[in-house]
Amino acid sequence: MARTIIVSNRLPTKVQRTADGLTFQPSEGGLATGLGSIYRADDNIWVGWPGLFVDNPAEQQHVADQLRNDSMAPVFLTETEIRDFYEGFSNSTLWPIFHYFNEYASFEEAHWEAYVAANQKFCDAVLELAGPDDTIWVHDYQLLLLPQMLRRARPNATIGFFLHIPFPSYELLRVLPWSKELLEGMLGADLIGFHTFYYMRHFLSAVSNLLGLPNQNGQIETPSRMVLVDAFPMGIDYERYASAAASEAALAHIETFREALRGVRMILSIDRLDYTKGIAQRLRAFEELLKRYPEWREQVSLLMLVVPSRDQVTQYQALKVEVDELVGRINAQYGTIAWTPILYFYRSLPFDQLVALYRLADVALVTPVRDGMNLVAKEFIACKADQRGVLILSERAGAAQELSDALLINPTATGKVADVLHQALTMPEEEQKSRMSSLQALVRQYDVFAWTELFMNRLAYSKIKQLTLGTD
Ligand code: GDG
């Protein structure tokens with residue numbers, strides 16, 4: 001029977017080393033939930049790195065055995081691969097370039113070589129499991145070369161690829177010395193998916209400019225095959241967030257948080273510590289709110305949850321220092337004995353506390369300078385049981401293409417964001433509810449299950465099309 005094999009850099013299980021040995025915890029990411037129904041069904045499997053360095057063969061065997069019970073197969077990365085492939089080419093070359101931070105990018109030949117070798121390692125792991133008729137769905141920027149590698153080994157396989165981050169304009173992409181190889185790598189797939197129409201357009205123009213391959217309505221004819229390109233905006237598991245936010249556990253947390261806030265309104269911000277998320281811009285906008293609208297002093301706090309991320313990469317360390325300093329300065333300048341302007345947490349919170357914060361917040365302030373989609377914005381919407389609350393969203397997040405009833409802002413326009421914050425805090429309840437109900441209808445309908453189904457159906461269709469065109 002034909003199977004589906006999901007491949008991503010990280011597995012949907014977090015393996016961690018503790019004093020008591022290795023622990024295995026399901027990851028709560030949207031991808032894991034959305035694809036859960038696929039990889040756990042039949043003989044399907046998810047291939048990826050378990051997220052930590054394991055070199056002892058007995059320990060590797062133990063990890064593999066544990067994961068196999070939950071339909072996963074590990075790819076073990078060496079310390080050099082973690083440094084050069086993951087922290088190096090993936091997070092210090094591709095991530096900054098694809099998010100328009102070209103001044104942050106490094107261009108190391110050794111990192112590129114490690115990237116090619118690591119993609120080959122993932123390829124070998126998939127080939128060990130995949131039969132010639134299996135469907136393979138590859139995810140994200142760490143594995144751009146994998147579709148082509150798989151295609152060479154399995155010419156008839158059905159291969160899908162989805163990019164979770166933006167695809168940059170041709171002018172940015174061409175900065176990369178390896179841009180052609182990366183595009184060719186992606187073109188090994190039958191179907192290539194992006195979050196938005198704009199990313200798709202950038203990709204198509206790069207393929208045309210760099211490889212000389214034109215397209216017709218998102219269909220690229222390569223010398224050997226037809227490749228389909230399309231936009232699939234990713235959704236969330238809406239019901240999971242909505243029901244968790246209405247649960248007893250969440251309500252108990254909300255009560256505790258509400259008491260601690262003592263009537264002070266709350267603006268919420270949640271993200272990984274990443275320079276793409278506009279955290280410093282957000283802090284400056286909140287400071288500007290306190291400056292321009294002094295009536296909000298002692299009346300509103302910014303609750304900022306920042307989840308540690310990629311702390312081995314230099315720019316992330318520098319950003320941590322910048323954010324710490326900004327928070328310290330603003331709190332020192334405006335804080336009083338009774339009120340702390342910014343409640344700042346550098347850690348991740350358990351799921352039921354997270355949804356309690358979403359439900360309690362008056363405003364969600366989502367200000368990335370670039371973001372493929374941004375699921376936080378959608379999760380906030382799903383948690384708003386009483387439809388009160390306002391979403392302020394950067395127009396540079398993929399999510400802004402869909403969530404037009406949010407208050408859309410340019411994150412670098414500090415003064416304007418402060419004005420929009422004031423607008424959100426004073427928005428009549430009726431308007432809040434009418435905006436929120438249309439946002440909810442949209443996020444509920446296009447959830448992560450709909451997204452998965454749409455992609456898989458289109459992938460199956462792309463294969464049928466290949467066969468009827470006889471280009472296979
Ligand atoms: C990439 C793209 C795209 C955060 N803090 C806690 C916590 N989270 C969860 C959120 C959300 C997830 O992390 C973050 O997802 P985002 O989509 O906002 O951002 P990235 O991590 O950058 O994801 C992005 C995404 O891929 C999917 O394609 O949308 O553009 O960059 O689910 O809830 N979860 C818990 N505690 C926390 O403290 N439990």
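## Starting with one pair of strands

How many bridges join strand E1 to strand E6? Four bridges do the job, and the two strands, E1 at residues 4-10 and E6 at residues 135-139, run parallel. If you'd like a spot to look at, find valine 7, which stands opposite valine 138 in E6. Keep in mind as you go that this is a predicted model.

## The nine-stranded sheet

E1 and E6 belong to an open sheet of nine strands. Going across it, the order is E5-E4-E1-E6-E7-E8-E11-E10-E9, and the pairing is mixed. At the edges stand strand E5 (72-74) and strand E9 (215-216); each has a single partner strand, so one side of each is left without a neighbour in the sheet.

Two helices that pack on this sheet are worth finding. H5 touches E1, E6 and strand E7 (158-162), and its direction makes about 175° with that of E7. Helix H8 (residues 197-211) packs on the sheet too, touching strand E8 (191-194), E9, strand E10 (219-221) and strand E11 (226-231). The direction of H8 makes about 150° with that of E11.

## Helix H7 and its two partners

Now look at helix H7 (residues 179-186), which packs against helix H5 (residues 146-153) with the axes 5 Å apart. What does their angle of about 55° make them? H5 and H7 are oblique to each other, because the angle falls outside the ranges for roughly parallel, roughly perpendicular and roughly antiparallel. Their crossing is left-handed. Leu146, Pro147 and Gln148 of H5 make the contact with Glu184, Gly185 and Met186 of H7. Sorted by class, the residues of this contact are three nonpolar, two polar and one charged.

H7 also packs against H8, here at an angle of about 120° and with the axes 10 Å apart. This pair is therefore oblique as well, and H7 passes H8 in a left-handed crossing. On the H7 side you'll find Ser179, Lys180, Leu183 and Glu184, which meet Ala206, Val207, Leu210 and Leu211 in H8. The contact of H7 with H8 has five nonpolar, one polar and two charged residues. Glu184 is worth a second look: this residue of H7 takes part in the contact with H5 and also in the one with H8.

## The six-stranded sheet

Further along the chain there is another open sheet, this one with six strands in the order E14-E13-E12-E15-E16-E17 and parallel pairing. Its edge strands are strand E14 (342-346) and strand E17 (407-409), and each of them pairs on one side only. From one strand to the next, the twist averages 20°.

Inside this sheet, E12 and E13 pair in the parallel sense over eight bridges. One place to see them side by side is arginine 265, which stands opposite valine 300 in E13.

## Around the ligand

Which residues are the closest to the ligand? They are His164, Ser348, Gly372, Met373 and Leu375, out of 21 residues that surround the ligand. The elements that give two or more residues to this shell are strand E12 (265-272), strand E13 (300-307), helix H13 (351-360) and helix H14 (375-383). So which element gives the largest share? H14 does, with three residues.

By class, the shell around the ligand holds 11 nonpolar, six polar and four charged residues. E12 and E13 turn up here again: they pair with each other over eight bridges, and each gives two or more residues to the shell.

How values were computed: Residues numbered from 1 in each chain as written. Predicted model: local features only at pLDDT ≥ 70, side-chain atom pairs only at ≥ 80, totals over all residues. Near = placed C-beta within 6 Å. Nonpolar A, V, L, I, M, F, W, Y, C, P; charged D, E, K, R; others polar. Axes fitted to C-alpha atoms, helices over the stretch in contact; angles between N-to-C directions. Parallel < 35°, antiparallel > 145°, perpendicular 65-115°, else oblique. Left-handed = near helix turned anticlockwise from the far one by under 90°. Contact = placed C-beta atoms within 7 Å. Pairing = 2+ DSSP bridges.
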